[in-house]
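Here's a quick walk through this one, with an eye on the charged pairs. Have a look at the structure first, then read on.

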Amino acid sequence: MELTKRQAVILDIVKREGPITGEQIADRLSLTRATLRPDMAILTMSGLLEARPRVGYYHSGKNPSRILMDKLHSIKVGDVKSVPIVVTEKCSVYDAAVTMFIEDVGTLIVVREGGFLEGVLSRKDLLKITLGGHDIYKLPVGVIMTRMPNVVTVETEESVWSAAKKLITHEVDALPVVRVSDDNSGVEVVGRLSKTNITRLFVELGES
């Protein structure tokens, strides 16, 4: 987060003299407590300062980078996931390519009846098979998709940080968000987490 000049001065005062009361901070800056109230609220809500009744404000010991990291660890995949774009493995490569284009996604999730995960299909998969001269109108995606258990997945309670690390480590555009069925017969697809979701989250955090 980017602090205003006054917020930076307040933070420096608290670092040097804390714990210190709001009245004492206002006195140091020759301002009223009412004038400082919005700044103090931002600094405490962001986690840079902490406050205790009858004690005052003190520095939390965290820097803005650490606060952002803590935030990413606290936000769950279930909070930012998107609606999954799915096809069945009998879907033709042609229809899959059309679906990918219409839905503007880079990865399709392949499911069987009941919404259980069977595999994933990427733009690279479609490009390879198209350049190979195959009949894409008849060839089913089940022939070219990446099948379970070789699909990297995430669950709703995993942190966004953990999911982002999986995206980078495995060099994929999106991950199926899944939950294990009650009878352990498979994993049910409940969402999709993509690089776009992560980017959108960063923009929202920056704007807030």
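Does D39 count as buried or exposed?

## D39 and its partner

In this predicted model, D39 counts as buried, since its relative accessibility is 7% and the cut-off for buried is under 20%. D39 pairs up with R6 in a salt bridge, with the closest N and O atoms 2.8 Å apart. D39 sits in helix α3 (residues 33-45) and R6 in helix α1 (residues 5-17), so the bridge ties together parts that are 33 residues apart in sequence. R6 itself comes out as partly exposed, at 34% relative accessibility.

## More charge pairs

The count of salt bridges comes to 10. One of them joins the side chains of D12 and R16, at 2.9 Å from N to O. Both residues belong to helix α1 and lie 4 residues apart, about one turn of the helix. D12 is partly exposed at 38% relative accessibility, while R16 is exposed, with a relative accessible area of 53%. This pair is also part of a salt-bridge network that links D12, R16, E17 and R28.

Further along the chain, R179 and E188 meet through their side chains in a salt bridge of 3.3 Å, N to O. R179 is partly exposed at 47%, and E188 is partly exposed at 23%.

## Domains

The domain assignment splits the protein into domain 1 (5-63) and domain 2 (73-205), and their C-alpha centres are 46 Å apart. The unreviewed UniProt entry puts "domain: CBS" at residues 80-136 and 145-208. Residues 80-136 are 37% helix and 26% strand, with 34 Å between the end C-alpha atoms.

Key. Residues are numbered from 1 along each chain as its sequence is written. This is a predicted model: local features need pLDDT of at least 70, side-chain atom pairs count only at pLDDT 80 or more; totals for chains, interfaces and linings use all residues. Side-chain values use heavy atoms; hydrogens and water are left out. Domain bounds come from an automatic or database domain assignment. UniProt positions are given in the numbering used here, feature names are shortened, and annotations may be inferred rather than shown by experiment. Helices (H or I, at least four residues) and strands (E, at least two) are DSSP runs, numbered from the N terminus. A salt bridge is a side-chain nitrogen of Lys or Arg within 4 Å of a carboxyl oxygen of Asp or Glu. Buried means under 20% relative accessible area, exposed over 50%, partly exposed in between (1.4 Å probe, protein chains only).
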